[in-house]
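Visitor: I should like a close look at a single part of this model, with its surroundings explained. Please take one helix and the sheet on which it rests, and then go on to the neighbouring features.

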Amino acid sequence: MKIKKHANGNQYLLTSQNKWVRKFTSSNLPFVDINKTIDSKDHFQFLQNEVSNGFIRNQWIDSEEIQHSDVVIVSDGYDFKRKHQLLASLPKDVAIIGVNGALAKWEVANRSMTYYVVNNPYQDCMKYLPRRSRAMPKCVASPRTYHEFLQNYRGTKYRYYPVNELSYTTMGAKEVRWQIDDYRNPICAAIGLAYRFGVERLLFFCCDDSFKEERPGAISLKNGLWMYPQQELAHGLIEGNLHWLTNQPYQEVLVGDCSSGLIYTNASYIEEDKLLSFFGAGENG
């Protein structure tokens, strides 16, 4: 693991995939992403989304005083259809933050997500909208999110400001108190929001893209499942964020993982029957 202090005052951790992850828990430092991942061809798409979303003028999430000490980040990874029913048993004060396809696939009748976090700037973001009409959680979106998704989202909507790479700057920086290091990844965004909400116990749930059968170009996991190599990039960015989250000098954050992908060194694996005890509830609470 390599960590460097940049001339801008921030510390950055280098992932195995050669991406730099900023120490987002530091205060009074400039918000700067020193990676160079945004291609110039994306600039028009980002700008188009920002202009269209700007007409709606949703409130910035940092203007709200939100507190959640217990948080679950849930994606639609391996065995989601069965596993996400287990979330119905969690204490009511546990905030559930959905990402990716979890919103469209959600089928827990007596438990709703608290938030849905999204930052996909492309048209395929539309597949994340549920096909059936139902109550929607509060949406927390990057201004770069595909504009038609937000136009069609039937629920309360907030904006978060993503930390910029030097090649592209999102509009509205002077309007916010803090920014989120999202690396164009909704799980990274959810981690940053959980930190701002004051998280003390954070659980990853189905936060993987693994699958059962072998496919061309896939690599095997120790649990017998498979994944594509490009998913290692997202894993490295998430791992970097977890490093900074769990290595704060004055705040202890416990991170658990009930997913089926690569192992996180900064999280403890949580068995399905231990979800309640992770949050201090159930027979061991």
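Guide: A residue is called buried when its relative accessible area is under 20%. The model under discussion is predicted. By that criterion helix α6 is mostly covered, since twelve of its 15 residues are buried. The buried positions include Gln231 at the start of the list, then His235, Gly236, Leu237 and Ile238, and also Trp244 and Leu245. Charged and polar residues such as Glu239 and Asn241 are among them too. The length of the helix is regular: at 1.5 Å a residue, the 15 residues of α6 should span 21 Å, and its end C-alpha atoms do lie 21 Å apart, which agrees.

The sheet beneath this helix is open and has nine strands, in the order β4-β9-β8-β7-β6-β5-β10-β13-β14, with parallel pairing. Its edges are formed by β4 (59-60) and β14 (268-269), each of which pairs on one side only. Helix α6 (residues 231-245) packs on this sheet, where it touches β10 (201-205) and β13 (254-258). The direction of α6 makes about 165° with that of β10.

From β10 one may pass to its partner β5. These two strands pair in the parallel sense over five bridges, and Asp70 stands opposite Arg201 in β10. On its other side, β5 is joined in the parallel sense to strand β6 (residues 95-98) by four bridges, with Ile73 opposite Ile97 in β6. Strand β5 (residues 70-74) is largely enclosed by the rest of the structure, because five of its five residues are buried. In a regular strand the side chains alternate between the two faces of the sheet. Accordingly, Asp70, Val72 and Val74 point one way from β5, while Val71 and Ile73 point the other way, and all are buried.

Further along the order, strand β8 (residues 138-141) runs parallel to strand β9 (residues 157-159), and three bridges join them. Ala141 stands opposite Arg159 in β9.

The cysteines deserve a remark, as the structure holds zero disulfides. For Cys139 the closest cysteine sulfur is that of Cys125, at 8.4 Å, which is too far for a bond. Cys139 is also buried, with a relative accessible area of 0%. Cys188 is likewise in no disulfide; the nearest cysteine sulfur, in Cys207, is 11 Å away. Cys188 also counts as buried, at 0% relative accessibility.

A second open sheet has three strands in the order β1-β2-β3, and its pairing is antiparallel. Here β1 and β3 (20-22) stand at the edges, each with a single partner strand, so one side of each is left without a neighbour in the sheet. Neighbouring strands of this sheet are turned by 30° against each other on average, direction ignored. Three bridges join β2 to β3, and Leu14 stands opposite Trp20 in β3.

The loop between β1 (2-5) and β2 (11-14) contains Asn8. The side chain of Asn8 reaches the backbone nitrogen of Asn10 at 2.8 Å, and a polar contact of 3.0 Å joins the side chains of Asn8 and Tyr12. Beyond residues up to four places away in sequence, Asn8 touches Leu29, Pro30, Val32 and Ile34.

Methods
Residues numbered from 1 in each chain as written. Predicted model: local features only at pLDDT ≥ 70, side-chain atom pairs only at ≥ 80, totals over all residues. Heavy atoms only, no water. Pairing = 2+ DSSP bridges. Contact = heavy atoms within 4.5 Å. Axes fitted to C-alpha atoms, helices over the stretch in contact; angles between N-to-C directions. Polar contact = N/O pair within 3.5 Å; in protein donor to acceptor, adjacent residues only side chain to side chain. Disulfide = S-S within 2.5 Å. Buried < 20%, exposed > 50% of the residue type's maximum accessible area, 1.4 Å probe, protein only. Expected span 1.5 Å × (residues − 1).
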